[in-house]
Amino acid sequence: HPKTDFSGKNILVTAGPTREALDPIRFLSNHSTGKMGYALAAAAQSRGADVHLVTGPTCLADPAGVKITKVVSALEMHDAVLKAYPQVDIVIKTAAVADYRPKEQAAQKIKKKAGELTLVLERNPDILWELGQAKKNQFLVGFAAETDNLIGYAQEKMREKNLDLVVANNVAEEGAGFGGTTNIVTMITRAGQIIKLPQMTKLETAHAILDQIRMLANYR
Ligand code: C5P
């Protein structure tokens, strides 16, 4: 990769899970580790981009040379991303944002009692959908983690969220998805091209995704 093929480009990457608090001790979350998003941030930085990483809680080291905003909940990620959005050229939304949050956040620890406990959840905003609606010249990349009908759901997501590229991975497949060091992704373009990448490290996958973005968005 030419070292500077993204120089002058502002890239916003989101990564990791979000945590939705139930009380001061507990939260709802998911298995995202942030590795794919951090790899994308590092790869873009190494190719000359100005990178802003908005990340949920992870165990990963801060990538060098990248502006980092650490958030916890989906609502916090929403605010950080929308604030940065007007200034960016490319958004890559790798984060596994929680779709729901507990409707009530108890101020004190919820104590156990006999019998069942019912939680009421309310919808979080779909951050990427909002970006799609407010899109001016930004190139929008969404991720799709699915266990079935990968291409079908990805194409639906592209339309509903007004995206330019969807990166889909089957989290049920060995060597793909949450936690591991490798991924197996299929990229779906707005023009309907379907590009299946082989199993690669997440850093190699990140560079291949950036190659595709550069081609589609015609950055030289
Ligand atoms: O619809 P689905 O959640 O499968 O779409 C996944 C894509 O949408 C990811 O790029 C994710 O970061 C983004 N998303 C979001 N806000 C949500 C849910 C998903 O930005 N509340």
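A residue counts as near the ligand if one of its heavy atoms lies within 4 Å of it. By that cut-off, the residues around the ligand are K93, A95, V97, D99, P125, D126, I127, L128, G142, F143, K157 and K161, with numbering that starts from 1 along each chain as its sequence is written. The model is a predicted one, so to speak with its own filters: local features need pLDDT of at least 70, side-chain atom pairs count only at pLDDT 80 or more, and totals for chains, interfaces and linings use all residues, while side-chain values use heavy atoms, with hydrogens and water left out.

The shell around the ligand splits into 6 nonpolar, 1 polar and 5 charged residues (Ala, Val, Leu, Ile, Met, Phe, Trp, Tyr, Cys and Pro are nonpolar, Asp, Glu, Lys and Arg charged, the others, Gly among them, polar).

On to polar contacts, meaning pairs of N or O atoms within 3.5 Å. A polar backbone atom of K93 is 2.6 Å from a ligand oxygen, and a side-chain N or O atom of K157 is 2.6 Å from an oxygen of the ligand. For P125, a backbone N or O atom sits 2.9 Å from a ligand nitrogen. The protein covers 86% of the 450 Å² of accessible area that the ligand has on its own (Shrake-Rupley, 1.4 Å probe).

The ligand sits in the largest pocket, with more than half of its atoms within 2 Å of the grid points. A pocket here is an open set of points on a 1 Å grid over the protein atoms alone, where a 1.4 Å probe fits and protein lies on both sides within 12 Å along at least five of seven lines; lining residues have an atom within 4 Å of a point. The lining of this pocket has 38 residues, and A95, A96, V97, F143 and A145 lie nearest its centre.

Conventions. Polar contact = N/O pair within 3.5 Å; in protein donor to acceptor, adjacent residues only side chain to side chain.
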